[in-house]
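Here are some short exercises to work through with the structure open beside you. Try each task before reading its solution.

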Amino acid sequence: MKFLYITDTHIRGTTPKNRKDSFSETLAEKIREVITMANKEQVDVLLHGGDVFDRPDLSPNVVGQFARLFMEAEMPIYAISGNHDTFGHNPDTISRTMLGLLDSFGLMTVIHPDQPVLIEKNGLRIQISGQPYHYDLDQRDPKLDYYPNNDHNADVLIHLAHSMLVEKALPEGIPHTLIDHIWGTTADVILTGHFHGGFGLKERDGKWIGNPGAIARVNNHWSEINRQPQYVIGTIHPDASVELTLHPIEVAQKGEEVLDRTYLEKAVHQEEKLHEFVQQVKEHSEFKSLKMGDIIAEIAALSNVEEKVRQEALRRITVIEETWKGGEDE
């Protein structure tokens, strides 16, 4: 049995301001290559690790264009929902989203946590389960998200998770799970997304954990400029052993050709200014009140902060205040 795995396509109709090309056209070329390869390799299923779309209510016109691409696949497509695929990062809203629409048309089957799929071929039973993005992911007991039940008495368990699974610990405050903490998983293969940089493929005692990285490059961080988008081809042998291989997307151009480094340098400068502003605020202000109006008044009163920086801080706080639906003291 063979499968092909991709993740984080972030389908959208507009082009991020840090891209030099037409994002949707470039993405379509990548997806076309992946589907062509899946057909050529005669894989049994195509798996998607989430964030199929960049937003849940994408334009039907854009969805239709990419739906026609997915229709060229000669095998079933199974996906889990990512944080960009649902409203409010809530997987329960999937039926009201564009990913849910593809599911209802049978173009792409969304795997729900309590509904693993069973694939049978050549005497082997392969279960494919999925854990969509949710608020408690990587913050609760990892066994709830990374240790699937063998509901189908399967020979091989493949588990998809749209989670922040990483090799090294991230800064405090960013929910994540370390690969080394879940090698005891009940799954034979864990494939994740969400973390766009990916970490490739890891194998231990016949078990595999992998993230090839996002198909889409939606930001121009240095790591994205140097990264080659990839996909995974998996083979399950007659003895139920598993073999995974990484493959680069050939049509993907080099990062420096499609990502605007000028904007990156400007962003770095803005981050430095923001850090400087925060330090100045800490040194010269004591926010005794957490009311939005009082904070704005204190920032506006600061005279030792560069005017452009002060105005930008006020603008951002005002935007948050205008869109916030909570009470003044929340």
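**Exercise 1. A partner for Arg-204**

Arg-204 counts as partly exposed, at 40% relative accessibility. Find which residue forms a salt bridge with Arg-204 in this predicted model, and state where the two residues lie.

*Solution.* Start with the side chain of Arg-204 and look for a carboxyl oxygen within 4 Å of a side-chain nitrogen. Asp-180 meets this condition, with the closest N and O atoms 3.6 Å apart. Next, place the two residues: Asp-180 sits in the loop between β9 (177-178) and β10 (189-192), and Arg-204 belongs to strand β11 (residues 200-204). They are 24 residues apart, and the pair links distant parts of the chain. Finally, check Asp-180 itself: its relative accessibility is 52%, so it counts as exposed.

**Exercise 2. Two further salt bridges**

The whole structure holds 10 salt bridges. Describe how exposed the residues are in the pairs Asp-57 with Arg-55 and Glu-120 with Arg-125.

*Solution.* Take the Asp-57 and Arg-55 pair, whose side chains meet at 2.7 Å, N to O. Asp-57 has 39% relative accessibility and is therefore partly exposed. Arg-55, at 45%, is partly exposed. Now turn to Glu-120 and Arg-125, where the closest N and O atoms are 3.1 Å apart. Glu-120 is exposed at 54%, while Arg-125 is partly exposed at 27%.

**Exercise 3. A lysine in helix α1**

Lys-30 is located in helix α1. Is Lys-30 buried or exposed, and what is the nearest side chain of opposite charge?

*Solution.* Begin with accessibility: Lys-30 is buried. Then look for a negative partner: Asp-21 is the nearest, but it is 6.8 Å away, and Lys-30 has no salt bridge. Last, list what surrounds Lys-30 beyond its neighbours within four places in sequence: its contacts include Ile-215, Ala-216, Arg-217, Pro-229 and Val-251.

**Exercise 4. The two sides of helix α2**

Work out which residues of helix α2 (residues 60-70) are buried and what covers them.

*Solution.* First pick out the buried residues, namely Val-62, Val-63, Phe-66, Ala-67, Leu-69 and Phe-70. These cover an arc of only 150° around the axis, so they lie on the same side of α2. Then look at the other side of α2, where Pro-60, Asn-61 and Arg-68 are exposed. To finish, find the cover over the buried residues: it includes α1 (23-40), β3 (77-79) and α3 (98-104).

Notes
Residues numbered from 1 in each chain as written. Predicted model: local features only at pLDDT ≥ 70, side-chain atom pairs only at ≥ 80, totals over all residues. Heavy atoms only, no water. Buried < 20%, exposed > 50% of the residue type's maximum accessible area, 1.4 Å probe, protein only. Helix = DSSP H or I, 4+ residues; strand = E, 2+ residues; numbered from the N terminus. Arc of directions from axis to C-beta. Contact = heavy atoms within 4.5 Å. Lys, Arg positive; Asp, Glu negative; His and termini not counted.
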